[in-house]
Amino acid sequence: MKITIRALMGACAFGALATAAFAETTITVATVNNGDMVRMQGLMDDFYKANPDIKVEWVTLEENVLRQKVTTDIATKGGQYDVMTIGTYEAPIWGKQGWLLPLDFPASYDVDDLLPAIRNGLTVDGKLYAAPFYGESSMIMYRTDLMEKAGLTMPAEPTWDDVKAAAKAMTDKEKEIYGICLRGKAGWGENMAFLSAMANSYGAKWFDMDWKPQFDGEAWKATLTDYIDMMTNNGPPGASNNGFNENLALFQQGHCGMWIDATVAASFVTNPKDSAVADHVGFALAPNKAGVAKHGNWLWAWNLAIPAGTQKAEAALKFVEWATSKDYTALVASKEGWANVPPGTRTSLYENPEYQKVSFAAMTLNSINAADPTHPTVDPVPYVGVQFVAIPEFQGIGTAVGQQFSAALAGTTSAEDALAAAQALTTREMTKAGYIK
């Protein structure tokens, strides 16, 4: 795909007929039901003032459903959406396949201001195929009041042993306080995002250098066993149904002592409008395993991209430019305060003296910079990606493995059987795809 969006725009701008057609442009934007995206929908008057001839229709979906819908639409050239919210996993794969239009922003957009760790994951052969709405790693969010009550102090770089001890000490099931909340809902971007990053910190990996699955190794056994033990003994009931949004609600309502998840959640757990524990939240780096030189944190961005099949490229680009611009960040700051701007995308944000006052700003940036998708594990591996494996087959494989591990958390199968099933199904699919001879 060599034609750029600007070239399409130039070709389309040819007089009164084009202007009249553009005057009635309605674009459809598919997005995830996370808080930052919902907030954007409430700020659309600003976009409409600058672009009175563009209207936006929203399709807002739960994370797993969004992935399924946009993947099916773009693979089949369905044409339902003009802008898609996609992740760091999809952007380079789809860009290389010609499914996305490269984004040719004006100089005022300042592409060079995008954080290198985020921008690199969205670029193929020097071309940007998606613009980051927010970037994230993962970290520990914890209740400072409960830690103090338990007589504990959270280390700056905690180990999993520290986390397990704190989870046990903070749990008070009679008061519906659970020492730790973690993702349990099945999905390659739900429970497997967390478990893959956790596994890295235990010395585990998805594949060896010959693409052979590694779920039959001791490191994966230790990862899954510790995860299930923590959640069974000190986690909330029904944890196998909980993803990002469910755990966010639990934490905001005061039911979680710790939550290890996306750094973007920090603004929501510290916002007194929404969080009952806003004044009692601390932050720490994602844990590592004692003796293993990897933290269990991931690297991700939710991004806006334009499918190659759209007939409304000009209008779509204007929307993507607005939603991911410095001006949009300033708009959110003016309406909601600096703590609530979309994080993790621009160098200038972390150089802003006002944003530097935000309690979680430095920890978010440190966590993003600590993740290395080119060296995600202790041992060499043939893939890139921290909480995912950047191959097209991973969506299906990751979700199938996630279903096995969610079942083990729910108690309908054992950890040993779940790992064996993961090994078998992954081996089968990788052989079918030609990775394993």
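Which residues have the most contacts inside the largest nonpolar core? I started there, keeping in mind that this is a predicted model.

**Entry 1. The core.** I found that the largest nonpolar core has 144 residues. Those with the most contacts inside it are Trp206, Tyr227, Met258, Phe319 and Phe405. I then looked up which element gives the largest share of this core, and it is helix 14 (residues 313-323), with eight residues. For background, nonpolar side chains in soluble globular proteins tend to be buried together.

**Entry 2. Tyr227.** I took one of these core residues and listed its contacts, leaving aside neighbours within four places in sequence. Tyr227 touches Leu182, Arg183, Gly184, Phe194, Leu195, Met198 and Leu409. Tyr227 also appears among the helix 11 residues that meet helix 10, which led me to the helix pairs.

**Entry 3. Helix 10 on helix 11.** Two packed helices are described by the angle between their axes and the distance between the axes. For helix 10 (residues 191-201) and helix 11, I noted an angle of about 125 degrees and axes 9 Å apart. That angle makes helix 10 oblique to helix 11. The crossing of the two is right-handed. On the helix 10 side I listed Met192, Phe194, Leu195, Ser196, Met198 and Ala199; these meet Trp220, Thr223, Asp226, Tyr227 and Met230 of helix 11. Sorted by class, the residues of this contact are eight nonpolar, two polar and one charged.

**Entry 4. Helix 11 on helix 20.** Next I checked helix 11 (residues 218-234) against helix 20 (residues 415-432). Their axes come within 10 Å and cross at roughly 135 degrees. Helix 11 is therefore oblique to helix 20. I recorded a right-handed crossing for helix 11 and helix 20. From helix 11, Trp220, Lys221, Leu224 and Ile228 take part, and they meet Ala415, Glu416, Ala418 and Leu419 in helix 20. The contact divides into six nonpolar and two charged residues, with no polar ones. I note that Trp220 is listed in the contact with helix 10 and in the contact with helix 20.

**Entry 5. Helix 19 on helix 20.** How are helix 19 and helix 20 oriented to each other? The angle between helix 19 (residues 394-410) and helix 20 is about 170 degrees, and their axes are 9 Å apart. An angle over 145 degrees counts as roughly antiparallel, so helix 19 and helix 20 are roughly antiparallel to each other. Helix 19 contributes Ile397, Ala400, Val401, Gln404, Phe405 and Ala408. Among their partners in helix 20 are Ala415, Ala418, Leu419 and Leu425. By class I have 12 nonpolar, two polar and one charged residues in this contact. Phe405, entered here in helix 19, is one of the core residues of Entry 1.

**Entry 6. The loop between helix 9 and helix 10.** I looked up three residues in this loop.

- Ile180 lies in this loop and counts as buried, at 0% relative accessibility. Ile180 and Met230 are 50 residues apart in sequence, yet their C-alpha atoms are 7.4 Å apart in space. Beyond its sequence neighbours within four places, Ile180 is in contact with residues including Val163, Ala167, Met230, Met231, Met258 and Ile260.
- Lys185 is in this loop too and is buried, with a relative accessible area of 16%. Not counting residues up to four places away, its contacts include Glu62, Glu190 and Glu246, along with Asn64, Ser240 and Ser406.
- Glu176 sits in the loop as well. At 42% relative accessibility it counts as partly exposed. I flagged Glu176 for its phi, which is positive, near 60 degrees.

**Entry 7. Other positive phi values.** Most residues other than glycine have a negative phi. Asp110 is not a glycine, but its phi is positive, about 65 degrees. I placed Asp110 in the loop between helix 6 (90-96) and helix 7 (116-120), where it is partly exposed at a relative accessible area of 26%. Gly254, which follows helix 12, also has a positive phi, near 90 degrees.

**Entry 8. Helix 12.** Since Gly254 follows helix 12, I went back over that helix. In helix 12 (residues 244-252), the buried residues are Phe244, Asn247, Leu248, Leu250, Phe251 and Gln252. They pack against strand 7 (138-143), strand 8 (258-262), helix 13 (266-269) and strand 9 (281-285).

Note on methods. Residues are numbered from 1 along each chain as its sequence is written. This is a predicted model: local features need pLDDT of at least 70, side-chain atom pairs count only at pLDDT 80 or more; totals for chains, interfaces and linings use all residues. Side-chain values use heavy atoms; hydrogens and water are left out. Axes are lines fitted to C-alpha atoms, for helices over the stretch in contact, and angles run from 0 to 180 degrees between N-to-C directions. Helices (H or I, at least four residues) and strands (E, at least two) are DSSP runs, numbered from the N terminus. Angles under 35 degrees count as roughly parallel, over 145 as roughly antiparallel, 65 to 115 as roughly perpendicular and the rest as oblique. A crossing is left-handed if the near helix is turned anticlockwise from the far one by less than a right angle, and right-handed if clockwise. Contact means heavy atoms within 4.5 Å. Ala, Val, Leu, Ile, Met, Phe, Trp, Tyr, Cys and Pro count as nonpolar, Asp, Glu, Lys and Arg as charged, and the others, Gly among them, as polar. Buried means under 20% relative accessible area, exposed over 50%, partly exposed in between (1.4 Å probe, protein chains only). A nonpolar core is a set of buried Ala, Val, Leu, Ile, Met, Phe, Trp, Tyr and Cys residues joined through side-chain atoms within 4.5 Å.
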